[in-house]
Amino acid sequence: MERQRISGIYADAAAFADREITVCGWVRTIRDMKNFGFVELNDGSCHKSLQVVLDRGNLSNYDEIAHQNVGAALIVKGKLVLTPEAKQPFELKAAEIAVEGVSTPDYPLQKKRHSVEFLRTIQHLSLIHISEPTRHAQI
């Protein structure tokens, strides 16, 4: 398995177009539409995330993946498809997904704004210095 970084894919998407690739990362969002779904995956190599398309007919563990939480670690193998007419420039059509690590449903950071006071209650974030004029921090 040769892992591709999401930053490398954004740097030269044409080089990966219509090729089977493997990416590893953490779930930012999951949307399940019954027979297909989407995972927004981020590996920390850049601020942008990769949209992974799930197809119930192609994934034997579709239900397991669809029920993962924000922060779960996944290894995704699939075909990169360029989508110039869509919001994102490309997407990964998943052929195989392995759950490397699960995340608990009470994982505290959801994809929304959080107050500075709330962020300070999370132990590993309590050391973050946020200037006084800032009312909200977004992660």
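Reader: In this predicted model, which residue has a backbone oxygen that lies 3.1 Å from a polar atom of the side chain of Gln68?

Author: The model is a predicted one, and the pair in question joins a side chain to a backbone atom. A polar atom of the side chain of Gln68 lies 3.1 Å from this backbone oxygen, which belongs to Glu64.

Reader: Where is the place of Gln68 among the helices and strands?

Author: Gln68 belongs to a loop rather than to a helix or strand, and that loop has an element on either side. The flanking elements are helix 3, residues 62–66, and strand 4, residues 73–82, which puts Gln68 in the loop between helix 3 and strand 4.

Reader: Does Gln68 count as buried or exposed, and at what relative accessibility?

Author: The cut-off for a buried residue is under 20% relative accessible area. Gln68 falls under that cut-off and therefore counts as buried, its relative accessibility being 14%.

Reader: Which residues does Gln68 touch, not counting residues up to four places away in sequence?

Author: With residues up to four places away in sequence left out, Glu64 is not counted here, although its backbone oxygen lies 3.1 Å from a polar atom of the Gln68 side chain. The residues that Gln68 touches on this count are Ile30, Val99 and Val102.

Reader: How far apart in space are Gln68 and Val39, C-alpha to C-alpha?

Author: In sequence, Gln68 and Val39 are separated by 29 residues. Their separation in space, taken from C-alpha to C-alpha, is 9.8 Å.

Reader: Why is strand 2 described as largely enclosed by the rest of the structure?

Author: Strand 2 spans residues 36–42, and the description rests on how many of its 7 residues are buried. It is largely enclosed by the rest of the structure because the buried residues number 5 of the 7.

Reader: Which residues of strand 2 are the bridge partners of Val27 and Gln51?

Author: Strand 2 runs antiparallel to strand 1, residues 20–32, with 6 bridges joining them, and it also runs antiparallel to strand 3, residues 50–55, again through 6 bridges. On the strand 1 side, Val27 is paired with Leu41. On the strand 3 side, Gln51 is the partner of Glu40, so that the two residues asked for are Leu41 and Glu40.

Reader: Which residue takes a positive phi in the hairpin of strand 1 and strand 2?

Author: The hairpin has 3 residues between its strands. The residue with a positive phi, near 80°, is Lys34.

Conventions:
Residues numbered from 1 in each chain as written. Predicted model: local features only at pLDDT ≥ 70, side-chain atom pairs only at ≥ 80, totals over all residues. Heavy atoms only, no water. Buried < 20%, exposed > 50% of the residue type's maximum accessible area, 1.4 Å probe, protein only. Helix = DSSP H or I, 4+ residues; strand = E, 2+ residues; numbered from the N terminus. Pairing = 2+ DSSP bridges. Contact = heavy atoms within 4.5 Å. Polar contact = N/O pair within 3.5 Å; in protein donor to acceptor, adjacent residues only side chain to side chain.
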